[in-house]
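I opened my notebook to look up how the strands pair. I also had one side chain to check.

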Amino acid sequence: MQKFKFQELDLKGAYKIWPFHNVDERGEFIKDYNIETFSDNGIDYELKETFYTINKKGALRAIHFQLGKPQPKLMRCISGRVFYIMVDLRPKSETFGKWRSFDLTGAEPLSILAPDGFGQGYLALEDSIMSYKAAEVFYGLGDSGIMYNDIEIGIKWPFELIGGTDNLIISDKDLNLMSLAEYKELVG
């Protein structure tokens with residue numbers, strides 16, 4: 001049995017979280033969120049919305065975030081494998097524009113907590129299901145994002161693991177997002 005374990009990342013407020021995980025002859029039990037456990041570890045995070053994405057291999061979800069009502073998220077790969085990224089988009093942060101990546105798989109119950117003010121995205125390296133546990137409800141008017149291939153951010157996507165960019169699946173919306181430079185102008 002593994003109890004919750006929290007590791008704060010170098011991007012302040014972001015965490016790797018290993019959930020409560022028990023394996024026995026029946027199978028597995030995973031608890032990836034408990035308000036009291038999070039609070040006891042200095043994380044003020046109250047769950048308001050949960051949703052899932054089912055992704056085909058090669059699907060890329062660009063650097064998404066909400067303007068006006070930031071949506072902190074606890075992310076976990078339920079099945080498959082994804083290359084998950086987070087970007088610090090807090091204008092006054094010492095790590096503004098910095099990104100980190102994580103190899104998330106359904107085989108290892110690991111969650112990533114991205115606080116408000118971060119953008120997130122991922123590339124499905126296999127057919128995958130991602131769980132989102134959000135601390136704010138979706139605010140459609142503030143739905144926004146930054147291009148996955150923004151030169152200033154410089155994310156090194158592992159396209160070779162999906163057979164190259166010819167196998168990339170991306171929405172028209174994600175192909176038309178703003179740049180980091182445009183985001184800076186927008187938020188001052």
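Which side chain makes a polar contact with the side chain of H64? I looked it up in this predicted model. The partner is D174, and the two side chains are 2.8 Å apart at that contact.

I then placed H64 in the fold. H64 sits in strand β6, residues 60–66. I listed what H64 touches, leaving out residues up to four places away in sequence. The list reads F118, G119, Q120, S144, G145, D174 and L177. D174 is thus on the contact list and is also the polar partner.

Next entry: the sheet. I traced six strands in an open sheet, in the order β1-β2-β10-β7-β12-β5. The pairing is antiparallel. I found β1 (5–8) and β5 (49–55) at the edges, each pairing on one side only. From one strand to the next, the twist averages 20°.

I walked the pairs from the β1 edge. β1 meets β2 (residues 15–18) in the antiparallel sense, over four bridges. F6 stands opposite I17 there. The two strands form a hairpin, with six residues between them. In that turn I noted G13, with a positive phi of about 90°.

β2 also joins β10 (residues 111–114), through three bridges, again antiparallel. I17 has S111 as its bridge partner in β10. I17 therefore faces F6 in β1 and S111 in β10, with the strands paired through backbone hydrogen bonds.

Last pair: β7 (residues 73–79) and β12 (residues 128–134). They run antiparallel over six bridges. I found R76 opposite S131 in β12.

Definitions and conventions:
Residues are numbered from 1 along each chain as its sequence is written. This is a predicted model: local features need pLDDT of at least 70, side-chain atom pairs count only at pLDDT 80 or more; totals for chains, interfaces and linings use all residues. Side-chain values use heavy atoms; hydrogens and water are left out. Two strands pair if DSSP finds at least two bridges between them. Axes are lines fitted to C-alpha atoms, for helices over the stretch in contact, and angles run from 0 to 180 degrees between N-to-C directions. A polar contact is a pair of N or O atoms within 3.5 Å; within protein, one must be able to donate a hydrogen and the other to accept it, and residues adjacent in sequence count only if both atoms are side-chain atoms. Contact means heavy atoms within 4.5 Å.
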